[in-house]
Amino acid sequence: MNISKSEQLFSRAQSSIPGGVNSPVRAFKSVGGNPIFLKSAKGAYLYDVDGNRYIDYINSWGPMILGHAFEPVVEAIQKKAADSTSFGAPTELEVEMAELVKSFVPNVDLIRMVSSGTEACMSALRLARGFTGRNKFIKFEGCYHGHADSFLVKAGSGMATFNIQTVPGVTGGVSNDTLTCGYNDLEAVQQLFAENKGEIAAIIIEPVAGNMGCILPQPGYLEGLRRICTEEGALLIFDEVMTGFRLAPGGAQERLKVDADIVTYGKVIGAGMPVGAFGARKEIMQHIAPLGSVYQAGTLSGNPLAMIAGYTLMKHLKENPRIYTDLEEKSAYLEAGLQRVLEAAGTPFVINHLGSMISIHFSDHPVKDFATAASANNALFNKFFHAMLNRGVYLPPSAYETWFLSAALSQEDLDTTITAAEESLREIL
Ligand SMILES: *Cc1c(COP(=O)(O)O)cnc(C)c1O
């Protein structure tokens with residue numbers, strides 16, 4: 001049997017990169033098999049080193065909302081690179097970027113650029129602690145806020161995929177300040193506040209969760225968190241690293257009509273370059289250095305390549321709001337098609353979907369938090385993943401990840417996906 005180039009590269013990679021990958025979920029460990037090495041991508045398609053083409057539902061875990069290698073972004077990066085890739089000193093482009101982000105999000109007065117979603121969330125938490133003078137915070141089981149120490153408690157995404165409970169290297173002193181409870185359980189939040197009176201700085205949440213599959217907030221839930229935070233003098237942090245500029249131009253805040261105190265961004269904001277950001281009203285943000293004493297810094301923060309990529313994409317989104325209706329229509333079409341073939345296949349399933357985030361759980365009960373996501377038939381999902389991959393459809397390699405649609409998907413791509421799902425179900429059931 002021929003050994004594919006992907007297989008060759010994967011065995012070579014394992015001698016010099018931990019597990020052969022630079023981020024765990026890429027390893028295909030939970031779905032089984034070996035990861036595919038990619039060579040290029042254009043629009044809705046990925047091309048691997050063996051010349052296979054795939055319809056992409058990962059889209060770099062969100063950033064590629066308009067598809068891969070979007071020409072205005074590629075050109076802007078090429079042009080900007082000639083002016084140097086970093087200065088470590090202020091540029092006009094950073095001002096333009098901050099103004100552009102603010103034009104999407106009315107409750108952000110000041111915004112700081114960083115280089116990843118992880119950095120954005122850990123800085124937002126530090127800011128909330130500095131602002132309130134309190135140490136503890138609440139996060140929800142199955143939510144992922146990057147790999148900073150404080151957040152690696154009952155985190156979703158790769159931690160859920162690999163069933164990692166506690167992380168060696170994260171000290172008890174740190175994780176003791178991380179309070180957790182189930183997503184969509186308002187009473188549990190109330191109880192945590194009652195048990196930790198005056199000690200909780202913030203609640204951080206994915207307003208639509210994407211790191212345990214796609215999980216929607218139930219009606220009234222985010223409003224309830226908003227009310228509790230206001231009553232208790234804690235800050236509400238929306239981690240919009242996935243949802244920002246995706247669920248609506250103004251992200252989940254706009255889409256779900258709930259205002260957070262601090263918002264974090266990543267993914268779409270960088271158009272595939274390493275960018276994150278956190279922002280808030282002036283009274284909160286003025287605690288950040290050099291205005292205040294909550295220290296936060298970055299050598300490459302706001303560097304010209306990252307900024308021009310994000311700026312060009314975001315400007316395009318701003319000027320073409322039709323993209324959001326288009327994404328909405330495509331996602332609804334995909335959902336209806338998947339619904340049809342899943343019903344015909346006769347296996348229990350749940351489709352969770354909002355905007356261009358969607359996921360399937362092979363479950364006979366509603367999936368509304370981590371426990372219900374974990375008790376679905378995820379072994380069946382793993383088979384489904386491979387059957388889809390064999391048919392040229394690249395889904396996230398874990399039941400604990402949302403799928404992301406891009407506007408580059410054509411009607412034909414969606415039909416191909418639905419047919420692939422129909423055939424895959426026939427094969428695996
Ligand atoms: C991806 C993600 C992060 C972390 O972002 P990185 O850029 O990978 O550090 C944080 N929060 C959420 C909700 C994410 O999906």
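Start by selecting W61, in the loop between β3 (53–56) and α2 (71–81). As you look around, keep in mind that this is a predicted model. Phi of W61 is near 65 degrees, which is a positive value in a residue other than glycine. Is W61 buried or exposed? W61 counts as buried because its relative accessibility is 19%, and the cut-off for buried is under 20%.

Now jump along the chain to another residue with a positive phi. Select A271, which you will find in the loop between β9 and β10. Its phi is near 50 degrees, again positive in a residue that is not glycine. A271 has a relative accessible area of 11%, so this residue is buried too.

**The strands around β9**

Stay in this region and colour strand β9, residues 262–265. Show its side chains: I262 and T264 point one way, while V263 and Y265 point the other way. Are these four buried or exposed? All of them are buried.

Next, add strand β8, residues 235–239, to your selection. β8 and β9 pair in the parallel sense, over three bridges. To see where they face each other, label F238, which stands opposite V263 in β9. Then trace the chain from β8 to β9: the path goes through helix α9 (residues 251–256), and this β-α-β crossover is right-handed.

Which strand is joined to β9 by four bridges? Select β10, residues 276–280, and you have it; β9 and β10 run antiparallel. V263 is a handy landmark here as well, as it stands opposite G279 in β10.

**A cis peptide bond**

Move on to P290, in the loop between α10 (282–285) and α11 (304–319). Zoom in on the peptide bond from A289 to P290: this bond is cis, with omega near 10 degrees.

**A pocket to explore**

Now turn to the second largest pocket, with a volume of about 670 Å³. Its lining is made of 30 residues, and the closest to the pocket centre are E94, I111, R112, M113 and S301. Select those five to find your way in. Two elements give two or more residues each to the lining: α3 (92–104) and β4 (110–114). Which element gives the largest share? That is α3, with five residues. Try colouring the lining by class, and you should find 16 nonpolar, nine polar and five charged residues.

**A meeting point at T180**

Select T180, in strand β6 (residues 178–181). Then draw a distance from its C-alpha to that of I138: the two residues are 42 apart in sequence, yet 5.5 Å apart in space. Which residues is T180 in contact with, once neighbours within four places in sequence are left aside? Show K139, E141, V153, K154 and L192 to see them.

**Last stop: an open sheet**

Finish at an open sheet of three strands, in the order β11-β12-β14, where the pairing is antiparallel. Look at the edge strands, β11 (350–354) and β14 (403–404), each of which pairs on one side only. Then select β12, residues 357–361, which is joined to β11 by five bridges. For a final pair to label, choose H353 and I358: H353 stands opposite I358 in β12.

Notes
Residues numbered from 1 in each chain as written. Predicted model: local features only at pLDDT ≥ 70, side-chain atom pairs only at ≥ 80, totals over all residues. Heavy atoms only, no water. 1 Å grid on protein atoms, 1.4 Å probe; cavity = no way out; pocket = protein on both sides within 12 Å on 5 of 7 lines; lining within 4 Å. Points joined across faces, edges and corners; volume = space filled by probe spheres on them. Nonpolar A, V, L, I, M, F, W, Y, C, P; charged D, E, K, R; others polar. Buried < 20%, exposed > 50% of the residue type's maximum accessible area, 1.4 Å probe, protein only. Pairing = 2+ DSSP bridges. Right-handed = clockwise from strand over helix to strand, strands pointing away. Contact = heavy atoms within 4.5 Å.
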